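I opened this one with a cup of tea and a list of things to look up. Here are my notes, in the order I made them.

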Amino acid sequence: MTRNDIKDLILEIIEDIDDEAEFDNLDPDQPLRDQLDLDSMDFLDIVMELRKRHKLQIPEEDYPQLATLNSCTNYLEPLLKEA
Amino acid sequence: MQASFVVIGGGLSGLAAAIRLARYNENVLVLERHSRVGGLNSYYYRNNRLFETGLHAITNYADKAAKHAPLNKLLRQLKISRDEIGFHQQISSEIKFPETSLLFSNEFDELQQQIKDKFPAESDNFQRLVRYIDEADPFREQEYRSTRTVLSSFLDDRLLVNMLLCPVLYYGSSWENDIDFKQFVIMFRSLYQEGLFRPAGTIKNLLDLLVGKLNHYGGTLKLGTGVRNIISQGEKIIGVTLESGEKILCKHLVSTIGLDETRLLLGRKKDNPDDRRLSFVESIFQVDRQALNTLPGDRTCIFYSKKEDFRFEQPEIPVCYDSGVISLPFNFQDLQSGKDSIEVRTTHLANYQQWFKAAEDSTKYDEMKSTHGLRACTEVEPIIGGFSDHIVFSDFFTPLTVERFTGKHGGAIYGSPRKVSDGSIGYDNLVLAGTDQGFLGIIGSMLSGVSMVNKHILSKL
């Protein structure tokens, strides 16, 4: 997956959790949770969807690395290289 | 047989827990002892129609825009759309004491205004109390705190303390005359600040929806499948033995049947056998349409006490009518179906032991049932108006009925006075969810199933 594919994947997962999520003004370096008004339960679902769709095991201590769209992409890029 | 995840109990918390597990995992199995799901909130057929058990009204009403309200959180977690439920808000409810009454609705301002009008000296104190409740974090681990003591530190008028407590205790206290302040905060928000609603259909429609979700995600539900014991090895759960003798091995176990009920399956003793567990009786009166001429058309629930000194404790008689809840489930906004079959429901505190003793002689038990069924009607008629001439059908649940159909020891619908808020009872792969985890009501019990599975299982996989 390219970096753009990974970004699309993340946004697609978020849209599936909250169909009213607005991505137009999303700053890729600001926390997703604040910008999209996600709570910790929604956030867990992003991790769970990644696990289900791409068999990714993301340990709880790595969750902070998924905070922004860019940090998510950085974290997932090596893991989804072959995907 | 093997399953990755076993959930004991197909009530609302068990179904919600199982849907969460099945959404992200394979091999999820729900074991329900009865032939029907729902636990405390189920249904049955009599007189050619469906009767709900338990459901008066659902707390935690929230508009769609309140994204982080418990109701909307829960729906997102289970991937249920609001349209699949259909929301009918309450009209108004009343707390009725001998000297005065307070109305509340899904607009919290109404209760604040009522307190200003009826207890002018307490209005500012009540505002301070509300601010204190708004700032409280009921999900932080904390020792039991008496709500009476907290309320009395803000409010001088004991009558107002009793009146505010009455609906909260009736809708969810497993303690006599009081409730843990953490739970009070949750209940205050869900009952007074958010408010009451009913789904468009019956509880059956809601349960069918949940079972449908479970199946959609590949989970399995086994009805009529009781668990005889939980097999453990040290602090690890290996599986369960069914009442049929069959063994099911599992990696994770979620128990929603209650703290003591779970401990007994583990071969351990009850946590505290001397705990007094509160039990109730419930009457259902199906009445004809003419009763609408006399019954109130604008009250959804009435929480009453005939005495200023409201007691919420196990009575020394089979049923105590000094206080109770009267539910008029046809009084929700725009609820068309409700008008076809009008019901009056009443709930009163009961003495489990006396019903248990009476049951040794089935004639005596049946006699007691019919006496108290009629008595409930005459006790509440002075409050809501006459309806006895219009009764088409009536039924009466004793604490034994509740125990038989829900498995709750002592017929205690709100479970043990001891709550395990983090859901762990000393095993690596066993989580307690539901009543004794500490969340209450239909929305609360489902959120309990969801949050315990999120916290202890999904985030650790």
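**Entry 1: confidence.** I started with chain B, whose mean pLDDT is 94, with 99% of its residues at 70 or more; pLDDT is the predictor's confidence in each residue, from 0 to 100. The model as a whole scores ipTM 0.92 and pTM 0.95. I noted that this is a predicted model, where local features need pLDDT of at least 70 and side-chain atom pairs count only at pLDDT 80 or more, while totals for chains, interfaces and linings use all residues. Residues are numbered from 1 along each chain as its sequence is written, and chains are lettered from A and ligands numbered from 1 in the order in which they are written.

**Entry 2: chain B overall.** I found 14 helices and 18 strands in chain B; helices (H or I, at least four residues) and strands (E, at least two) are DSSP runs, numbered from the N terminus. Its C-alpha atoms fill a box of roughly 60 × 55 × 45 Å along the principal axes. The radius of gyration of chain B is 22 Å, which agrees with the value near 23 Å for a compact globule of 461 residues. That radius is taken over C-alpha atoms, and the globule rule is 2.2 Å times the number of residues to the power 0.38. Of the 461 residues in chain B, 50% are buried. A residue is buried if 20 or more other C-beta atoms lie within 10 Å of its own, exposed if 12 or fewer, and partly exposed in between, with C-beta atoms placed from the backbone. Among contacts in chain B between residues at least 6 apart in sequence, 72% join residues at least 24 apart; two residues are in contact if their C-beta atoms, placed from the backbone, lie within 7 Å.

**Entry 3: chain A overall.** Chain A has 4 helices and 0 strands, in the order α-α-α-α from the N terminus. Its C-alpha trace spans about 30 × 25 × 20 Å along the principal axes. I checked the radius of gyration as well: chain A has 12 Å, in agreement with the value near 12 Å for a compact globule of 83 residues. Buried residues make up 24% of the 83 residues in chain A.

**Entry 4: where the chains meet.** How many residues of chain A are in contact with chain B? I get 11 residues of chain A in contact with 9 residues of chain B. Helix 3 (residues 40-54) of chain A gives the largest share of chain A's side, 6 residues. By class, that side has 4 nonpolar, no polar and 7 charged residues. Here Ala, Val, Leu, Ile, Met, Phe, Trp, Tyr, Cys and Pro count as nonpolar, Asp, Glu, Lys and Arg as charged, and the others, Gly among them, as polar.

**Entry 5: A:Asp42.** I picked out A:Asp42, which is found in helix 3 of chain A. Is A:Asp42 buried or exposed? A:Asp42 counts as buried, because it has 21 C-beta neighbours inside 10 Å. Leaving aside neighbours within four places in sequence, A:Asp42 is in contact with A:Ile17, A:Asp18 and B:Arg76.

**Entry 6: helix 2 of chain B.** B:Arg76 led me to helix 2, where the buried residues are B:Pro70, B:Leu71, B:Lys73, B:Leu74, B:Arg76, B:Gln77 and B:Leu78. Because 7 of the 9 residues of helix 2 (residues 70-78) of chain B are buried, this helix is largely enclosed by the rest of the structure. What do the buried residues of helix 2 of chain B pack against? I listed helix 1 (3-17) and helix 3 of chain A, together with helix 1, helix 9 (203-216) and helix 14 of chain B. Just after helix 2 of chain B, B:Lys79 takes a positive phi of about 55 degrees.

**Entry 7: helices 1 and 14 of chain B.** The axes of helix 1 (residues 12-24) and helix 14 (residues 441-456) of chain B come within 7 Å and cross at roughly 35 degrees. Axes are lines fitted to C-alpha atoms, for helices over the stretch in contact, and angles run from 0 to 180 degrees between N-to-C directions. The residues of this contact divide into 9 nonpolar, 6 polar and 1 charged.

**Entry 8: a loop residue.** Last, I looked at B:Asn47, which has a positive phi of about 55 degrees although it is not a glycine. B:Asn47 sits in the loop between strand 3 (43-46) and strand 4 (49-52) of chain B. With 12 C-beta neighbours inside 10 Å, B:Asn47 counts as exposed.
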